[in-house]
Amino acid sequence: MIKLRIPATSANLGAGFDALGLALTYYNYVEMDESDRIEISSSDGIPVPTDERNLIYISAKDLFEVCGKKLGGLRLVQTNNIPMARGLGSSSACIAAGLVGANMLLGSPLTTDDLVDLAAQIEGHPDNTAPALLGGIVTAVFDGRRVHWVKQEVFTKLRFIALIPDFELKTEDARSCLPKEVSHKDAVYNLSRAALFSASLLTGKFENLRTAVHDKLHQPYRMELIPRCREVFDIAYTHGAYAAYISGAGPTVMAIVDEENTYFAGKMRFSLSNAGLGCWSVHEFGIDNEGIKEISDK
Ligand code: HSE
């Protein structure tokens, strides 16, 4: 029996659309074992597909195929803390679990690079899958076949406060609302900010982060799909967030906060509730620098 802990991830980080992502101290757990049939269950009662449509199973089967093996069945027990369709990498956590678990069942024939490539091929972009596998903050380019990536461990005093609404936004819908083409000016706007984000986060120039998360490729369009999103941003900035951005495809808004801003989470809860936005829950995380890992106990 293999037991895996897989981190939630926050992608894009504002301007780094499909390129930047980081892992959070917020975890799903998967227990995996070989079986002659498909046996899938949730330890927490959260409904998950229990047949061959299960994403962990699909990813495990893909890895077996790559290695020239046939996956007959699998026993999976999922603990699903990461909420689904909220922009916190729940799908990527399943893909990472399926690939890493299956690779372990086969005696680890594939390298970490192979797993990062396969995960991006399954998901279509690497900005959640790579940090789920690697941890830290990951800068990644997916050329359609391979991922060229850099993982950097982050040891800052920053806290990441996820403001999670009680409604879902499917990545598919949040991608189909985006324009097919953008102007040269907007492309420059984003690439300069994405570069500024990584450099500022890693060197401690946190005062740059508010400028760095501005973007013209996805957030303005997605805000229209997330009721009262702008107000949530405004409240986060009122309480001293360094930056706020739509996490992944949304609808979660992520606020980046100094650890000395001690009561930020409490102030957010109070203000959101007062503004009639009590359906947005507030969760405080740090950065996970390890990525998916085998554990002996949950
Ligand atoms: N980069 C992706 C997007 C992340 O923004 O659509 C969500 O899967």
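**Notebook: helix α10, the core and the ligand site**

I opened with the turn just after α10, where G276 takes a positive phi of about 75°. A reminder to myself: this is a predicted model.

**Helix α10.** I then stepped back into the helix itself, residues 264–274. I looked up which of its residues are buried and found F264, A265, M268, S271 and L272. Why do they sit on the same side of α10? They cover an arc of only 130° around the axis, so they share one side of the helix. On the face turned away from that buried side I found F270 and N274, which are exposed.

Next I asked what the buried residues of α10 pack against. My list has two strands on either side in sequence, β9 (253–258) and β10 (280–285), plus β7 (158–165) and helix α9 (229–238).

**Helix α9.** Since α9 turned up as a packing partner of α10, I checked its burial too. C229, V232, F233, I235, A236 and Y237 are buried there. Just after α9 comes another glycine with a positive phi, G240, at about 90°.

**The core.** I pulled up the largest nonpolar core, and it has 91 residues. L272, already noted as buried in α10, is among those with the most contacts inside this core, together with L24, L133, F160, L163 and F197. Helix α2 (residues 90–105) gives the largest share, eight residues. I also looked at the domains: the core draws at least three residues from each of domain 1 (2–153 + 288–294) and domain 2 (158–285).

I picked L24 for a closer look. Leaving aside neighbours within four places in sequence, L24 is in contact with P7, A8, T9, S10, L88, F160, M254, F285, G286 and D288. I was pleased to meet F160 again, as it is also on the list of core residues with the most contacts.

**A stop at S35.** This serine is found in strand β2 (residues 20–35). Its side chain reaches the backbone oxygen of R37 at 3.1 Å. Not counting residues up to four places away in sequence, S35 touches G72, G73, L74 and R75.

**The ligand.** Which residues are around the ligand? I noted N12, F17, D18, H125, D127, N128, T171, R175, R222, G248 and A249. Then I went through some polar distances. A polar side-chain atom of D18 lies 2.5 Å from a ligand nitrogen. For R175, a polar side-chain atom is 2.6 Å from a ligand oxygen. For R222, an N or O atom of the side chain is 2.7 Å from an oxygen atom of the ligand.

Technical notes: Residues numbered from 1 in each chain as written. Predicted model: local features only at pLDDT ≥ 70, side-chain atom pairs only at ≥ 80, totals over all residues. Heavy atoms only, no water. Buried < 20%, exposed > 50% of the residue type's maximum accessible area, 1.4 Å probe, protein only. Helix = DSSP H or I, 4+ residues; strand = E, 2+ residues; numbered from the N terminus. Arc of directions from axis to C-beta. Contact = heavy atoms within 4.5 Å. Core = buried A, V, L, I, M, F, W, Y, C linked by side-chain atoms within 4.5 Å. Domains from an automatic or database assignment. Polar contact = N/O pair within 3.5 Å; in protein donor to acceptor, adjacent residues only side chain to side chain. Near = heavy atom within 4 Å.
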